[in-house]
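This report sets out selected features of the structure shown below. The headings follow the order of the discussion.

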Amino acid sequence: MDPKLFRPTDGGYRWEGVAYQPYKQDGSAPFKDISRQTLFHDDSLGCELRYFEMDAAGYSTLERHEHTHAVMILRGHGQCLLGEEVRDIKPHDLITIPAWTWHQFRATDQEPMGFLCMVNMERDRPALPTEADLATMRANPVVARFLGG
Ligand code: MN
């Protein structure tokens with residue numbers, strides 16, 4: 001069998017033949033302590049399935065874009081921002097992120113949080129919020145509490 005067809009896990013959210021890609025952090029990075037592994041990248045399906053994981057208290061980039069995401073939480077707990085709403089997240093929750101919806105994931109400070117994210121292979125680049133966008137978001141107290149600072 002082609003070894004690419006079966007790639008066992010090591011039992012620790014890593015997989016044989018899958019590159020572990022920690023995001024490079026600099027002082028201005030709008031994310032914290034997060035890594036990506038592309039589990040599937042398949043022309044015949046037209047999509048990718050990625051596994052993102054953040055350390056305790058880590059968070060993903062606050063962004064929006066034309067393309068959509070289909071997300072399943074795999075481990076850990078935290079919260080996600082989805083437009084004007086903030087939800088607590090737990091393993092096996094399903095989250096659909098529609099086009100042009102601000103979104104961000106945050107892990108609790110207790111444990112890592114990881115999720116699967118399915119995305120079209122052909123997709124636009126994410127847009128980051130301007131100061132004006134952030135001010136608009138922070139006008140909602142629920143969102144302001146989520147964003148912190
Ligand atoms: Mn996104």
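## Largest pocket

In this predicted model, the largest pocket has a lining of 23 residues. Those nearest its centre are Tyr23, Arg36, Thr61, Glu63 and Pro126. The space within the largest pocket amounts to about 580 Å³.

Which strands each supply at least two residues of the lining? They are β2 (32–42), β3 (47–59), β4 (69–75), β8 (103–107) and β9 (113–120).

## Manganese site

Glu63, listed among the residues nearest the centre of the largest pocket, is also a ligand of the manganese ion. Glu63 coordinates through OE, while His65, His69 and His103 each do so through NE2. The coordination distances run from 1.9 to 2.3 Å.

Along the sequence, the donor residues follow the spacing E-x1-H-x3-H-x33-H. Of these donors, Glu63 and His69 are both buried.

## Salt bridges

Side chains of opposite charge can pair when their charged atoms come close. With a salt bridge taken as a side-chain nitrogen of Lys or Arg within 4 Å of a carboxyl oxygen of Asp or Glu, the model contains five salt bridges. One of them joins Arg75 to Glu53, with the closest N and O atoms 2.9 Å apart. This pair connects distant parts of the chain, since Arg75 belongs to strand β4 and Glu53 to strand β3, 22 residues apart. Arg75 is partly exposed at a relative accessible area of 22%, whereas Glu53 is buried at 16%. The cut-off between the two classes is 20% relative accessible area, so Glu53, at 16%, counts as buried.

Another salt bridge is formed by Arg87 and Glu85, whose closest N and O atoms are 3.1 Å apart. Glu85 is partly exposed, its relative accessible area being 43%. Asp93 and Lys90 also meet through their side chains in a salt bridge, at 2.9 Å from N to O. Is Asp93 buried or partly exposed? Asp93 is buried, with a relative accessible area of 18%, while its partner Lys90 is partly exposed at 45%.

## Nonpolar surface patch

A nonpolar patch on the surface is formed by Met1, Leu5 and Phe6. Together these residues have about 430 Å² of accessible area.

Leu5 is located in the segment before β1 (21–22). Because exposed means over 50% relative accessible area, Leu5 counts as exposed at its relative accessibility of 63%.

Technical notes: Residues numbered from 1 in each chain as written. Predicted model: local features only at pLDDT ≥ 70, side-chain atom pairs only at ≥ 80, totals over all residues. Heavy atoms only, no water. Donors = N, O, S within 2.8 Å, 3.2 Å for Na, K, Ca; no water. Buried < 20%, exposed > 50% of the residue type's maximum accessible area, 1.4 Å probe, protein only. Patch = residues over 30% accessible without salt bridge, like charges linked within 9 Å, V, L, I, M, F, W, Y side chains within 5 Å. Areas by Shrake-Rupley, 256 points an atom, 1.4 Å probe, with all protein chains shown as cover. Helix = DSSP H or I, 4+ residues; strand = E, 2+ residues; numbered from the N terminus. 1 Å grid on protein atoms, 1.4 Å probe; cavity = no way out; pocket = protein on both sides within 12 Å on 5 of 7 lines; lining within 4 Å. Points joined across faces, edges and corners; volume = space filled by probe spheres on them.
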